[in-house]
Amino acid sequence: MVEDSDVRILERREQEQKQLLYVLGHDLREPLRMVVSFTDLLARRYQGKLDAEADEFIAYIRGGSQRLQGMLDDLVMYLRSGNDQPQLQTTDSNVVVREVVQRFHALIQTQDATVSFAAKLPDVQADRRHLSQVFHHLLDNAFKFRGEQPLLIQISAETHGDECVFTVRDNGIGIDPRFSERIFQLFQHLHETEKYPGRGVGLAFSRKIVEQHGGRIWVESQPGQGCAFYFTWPLALAAAGSTQ
């Protein structure tokens, strides 16, 4: 039974989160927008008219402020993602994976990459949009951290009792096992952003979504040997019953 004190704590936390979202979405974004706007104005008016060092300083300010603006946007999205209740229904994960792979069609063609998946992935109990986001972030991560050889991504799944374990495996640059937990934290980077772009958000989003559905996500990897991302997901009720 939920105590009144527990209810009050939950209500206070919800109110605090709303206040934080407002601060991030309005109070902090507005002065940052001014910095970005006036820096752009400086660049248009004075770029090339001062010395090279001044141009370099303006470029640093523009890059830093735009990056901070992007991080604020990502943080607001990350916090809001926990507020919408998943709309669970029986979902064909083959259809979800095919749709996600199709979004990467241009990258697959231009980079001579290969994405393969099992002939029959299981039906799961899922909010289809959320499951799609997890696969999207994992494929996006593989493309960002590809190695010198043509990228190969393999998607598979195994059922265990009332859940399945999805695997997204690639042959990219891999990571040191010491950082296998850190990469799921918000805004974490293991490599220089100039060579490997991104703000360190996708894997944090993925973990939050998976945990919202009662699952867990982890990675197994070695430097230079690619990554294998695993995440658990509840099977569709009928499918779970047939595995008993």
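A residue counts as exposed when its relative accessible area is over 50%, and as buried when that area is under 20%. This distinction serves throughout the following tour of a predicted model.

**First stop: the surface of helix 2.** Select Phe-38, which is located in helix 2, residues 29-46. Because its relative accessibility is 51%, Phe-38 counts as exposed. Add Met-34 and Leu-41 to the selection: together with Phe-38 they make up a nonpolar patch on the surface, with a combined accessible area of about 290 Å².

**Second stop: helix 6.** Next, select residues 128-144, which constitute helix 6. This helix of 17 residues spans 24 Å between its first and last C-alpha, close to the 24 Å expected at 1.5 Å a residue. Colour its buried residues, among them Leu-131, Val-134, Phe-135, Leu-138, Leu-139 and Phe-143. Polar side chains also appear in the buried group, including His-130, Ser-132, His-137 and Asn-141.

**Third stop: the largest nonpolar core.** This core has 37 residues, and those touching the most other members are Phe-135, Leu-139, Ile-153, Phe-231 and Trp-233. Elements that each supply at least two core residues include helix 4 (93-103), strand 4 (152-160), strand 5 (163-170) and strand 7 (227-234). Helix 6 provides the largest share, seven residues. Now centre the view on Phe-135. Which residues is Phe-135 in contact with, leaving aside its neighbours within four places in sequence? They are Val-96, Val-97, Val-100, Ile-155, Phe-166, Val-168 and Phe-231.

**Fourth stop: salt bridges.** The structure holds six salt bridges. Begin with Arg-128 and Glu-99, whose closest N and O atoms are 2.4 Å apart. Arg-128 belongs to helix 6 and Glu-99 to helix 4, so this pair ties together parts that are 29 residues apart in sequence. Both partners are partly exposed: Arg-128 has a relative accessible area of 35%, and Glu-99 one of 37%.

Continue to Arg-178 and Asp-176, which form a salt bridge at 3.2 Å, N to O. Here Arg-178 is exposed, at 65% relative accessible area, whereas Asp-176 is partly exposed, at 24%.

Then select Arg-207 and Glu-181, another salt bridge, at 2.5 Å from N to O. Arg-207 lies in helix 7 and Glu-181 in the loop between strand 5 and helix 7, so that distant parts of the chain, 26 residues apart, are linked. Glu-181 is partly exposed, with 44% relative accessibility.

**Last stop: helix 7.** Select residues 202-212. The buried residues of helix 7 are Leu-203, Ala-204, Phe-205, Ser-206, Lys-208, Ile-209 and Val-210. Finish at Gly-214, which follows helix 7 and has a positive phi, near 80°.

Conventions: Residues numbered from 1 in each chain as written. Predicted model: local features only at pLDDT ≥ 70, side-chain atom pairs only at ≥ 80, totals over all residues. Heavy atoms only, no water. Core = buried A, V, L, I, M, F, W, Y, C linked by side-chain atoms within 4.5 Å. Buried < 20%, exposed > 50% of the residue type's maximum accessible area, 1.4 Å probe, protein only. Helix = DSSP H or I, 4+ residues; strand = E, 2+ residues; numbered from the N terminus. Contact = heavy atoms within 4.5 Å. Patch = residues over 30% accessible without salt bridge, like charges linked within 9 Å, V, L, I, M, F, W, Y side chains within 5 Å. Areas by Shrake-Rupley, 256 points an atom, 1.4 Å probe, with all protein chains shown as cover. Salt bridge = Lys/Arg side-chain N within 4 Å of Asp/Glu carboxyl O. Expected span 1.5 Å × (residues − 1).
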